[in-house]
Amino acid sequence: AVQKKISKLADTERAAFVRLNPTQNNLIENFRNTRPAPEATYHSVYAQPQHEWVLDLKNKNLEEILAATHPKMRYNMGLAERHGVTVEIIKQNLKETFDSVFELFQETAKRDGFSLHPKKYYLAIFESGEEYKNAFLAIAKHEGRILAANYVLVHSKEATFIYGGSSDAARNLMAPALIQKNTISELIMRGIERYNLGAVTPEDETGKWAGFSTFKRRLGGRLISRGPSFDIVFKPLWYWAWVAQKFIRNIVQ
């Protein structure tokens, strides 16, 4: 049944392939025309993270969650509060702050060395959150200036940190730490049981993502990992042309 739905979706979208990131590899055992995703195609904003960091919030209050965070994280939360940083949870009219928030996304991408989708992609996500009322923005300000922003998607009993950004200015005020404290408080109030903070590197790795991975781990929580990605190929010619283009781009870079 799942394969039929995916095939129908691929036909509707005229897709050359569909990529799956299963938590259990046996989910794709019965799929035809399935192959491991080539490694060269992972280096893209279109690849899902293999490792993510989650906080379990079920039957816990804010004090319990904070007690499990790293002492440095708690210190930074308090520092931001002492210096007058405030956090606002925006649940409607999300698009009104879109341009300012997207600028933070761009600053963060440049600083941390990762790529972004086109601007219209993020605008569509903001519009979708507005339409379905399933997302909110947490924005940290100091003296009227936006220092950091997180976009959080809520579905059933789980929330996912989708996108975030912070300004290069006033980083000593530790606004991102305070944003997470207020976000967790909001999620507990809503009865959310799990908060997915998104991609992290494995703990034994270093590199350009090590900084924000360490930040997420300091909130407490645990690692979840998926198996390798798999591609269900519907149009082999177009699919292999796309893979070849990825290989060539990696060599040139």
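## Exposure and the loop residues

A residue is called exposed here when its relative accessible area is over 50%, and buried when that area is under 20%, with partly exposed residues in between. In this predicted model, Asn59 has a relative accessibility of 73% and therefore counts as exposed. Asn59 belongs to the loop that runs between strand E3 and helix H2 (62–67), and its phi is positive, near 60 degrees, although the residue is not a glycine.

Most residues other than glycine have a negative phi. Ala170 is another non-glycine residue with a positive phi, in this case of about 55 degrees, and its place is the loop between E7 and helix H6 (175–190). The relative accessibility of Ala170 is 22%, so this residue counts as partly exposed.

## Helix H4 and its buried face

Helix H4 comprises 15 residues, from 98 to 112, and spans 21 Å between its first and last C-alpha, close to the 21 Å expected at 1.5 Å a residue. The residues of H4 that are buried are Phe98, Val101, Phe102, Leu104, Phe105, Thr108 and Ala109. When H4 is viewed down its axis, these buried residues fall within an arc of 155 degrees, and they therefore line one face of the helix. An α-helix has 3.6 residues a turn, so residues three or four places apart point the same way.

The cover over the buried residues of H4 includes helix H5, strand E5 (135–142), strand E6 (145–155) and strand E7. After the helix comes Gly113, which has a positive phi near 75 degrees.

## Aromatic pairs and charges over rings

A pair of aromatic rings is described by the distance of the centres and the angle of the planes. Across the whole structure, 12 aromatic pairs are found. In one of them, the ring centres of Tyr122 and Tyr163 lie 4.9 Å apart with the planes at 75 degrees, and because planes over 60 degrees apart count as edge-to-face, the pair is assigned to that class. This pair links distant parts of the chain, since Tyr122 is in helix H5 (residues 119–132) and Tyr163 is in strand E7 (residues 158–166), 41 residues apart. Tyr122 is buried, with a relative accessible area of 3%, and Tyr163 also counts as buried, at 18% relative accessibility.

Ring pairs join Tyr122 and Tyr163 into a cluster with Phe98, Phe102, Phe105, Tyr121, Phe126 and Tyr151. Of these, Phe98, Phe102 and Phe105 are among the buried residues of H4.

Two arginines are placed over aromatic rings: Arg82 lies over the face of Tyr75, at 5.5 Å from the ring centre, while the charged end of Arg217 sits over the ring of Trp53, 5.7 Å from its centre.

## Strand pairing

Strands E5 and E6 run antiparallel and are joined by 8 bridges, with Ala140 standing opposite Ala148 in E6. The two strands form a hairpin with 2 residues between them, and Glu143 in the turn has a positive phi of about 55 degrees. Strands E6 and E7 likewise run antiparallel and are joined by 8 bridges, and the bridge partner of Leu153 is Thr160 in E7. This second pair also forms a hairpin with 2 residues between the strands, where Ser156 in the turn has a positive phi of about 55 degrees.

E7 is further joined to E8 by 3 bridges, and these two strands run parallel; here Glu158 has Arg194 in E8 as its bridge partner. E8 also pairs with strand E3 (residues 51–56), in the antiparallel sense and over 4 bridges, and Asp56 stands opposite Arg194 in this strand. Arg194 is thus a bridge partner of Glu158 and stands opposite Asp56. In strand E8 (residues 194–199), 5 of the 6 residues are buried, so the strand is largely enclosed by the rest of the structure.

## A buried threonine in helix H6

Which residues does Thr183 touch, not counting those up to four places away in sequence? Thr183 has its place in helix H6 and counts as buried, at 0% relative accessibility. The residues that Thr183 touches beyond those sequence neighbours are Phe136, Ala138, Val152 and Tyr195.

Terms used. Residues numbered from 1 in each chain as written. Predicted model: local features only at pLDDT ≥ 70, side-chain atom pairs only at ≥ 80, totals over all residues. Heavy atoms only, no water. Phe/Tyr/Trp six-rings, centres within 6.5 Å; stacked < 30°, edge-to-face > 60°. Buried < 20%, exposed > 50% of the residue type's maximum accessible area, 1.4 Å probe, protein only. Lys NZ or Arg CZ within 6 Å of the ring centre and 35° of its normal. Expected span 1.5 Å × (residues − 1). Arc of directions from axis to C-beta. Contact = heavy atoms within 4.5 Å. Pairing = 2+ DSSP bridges.
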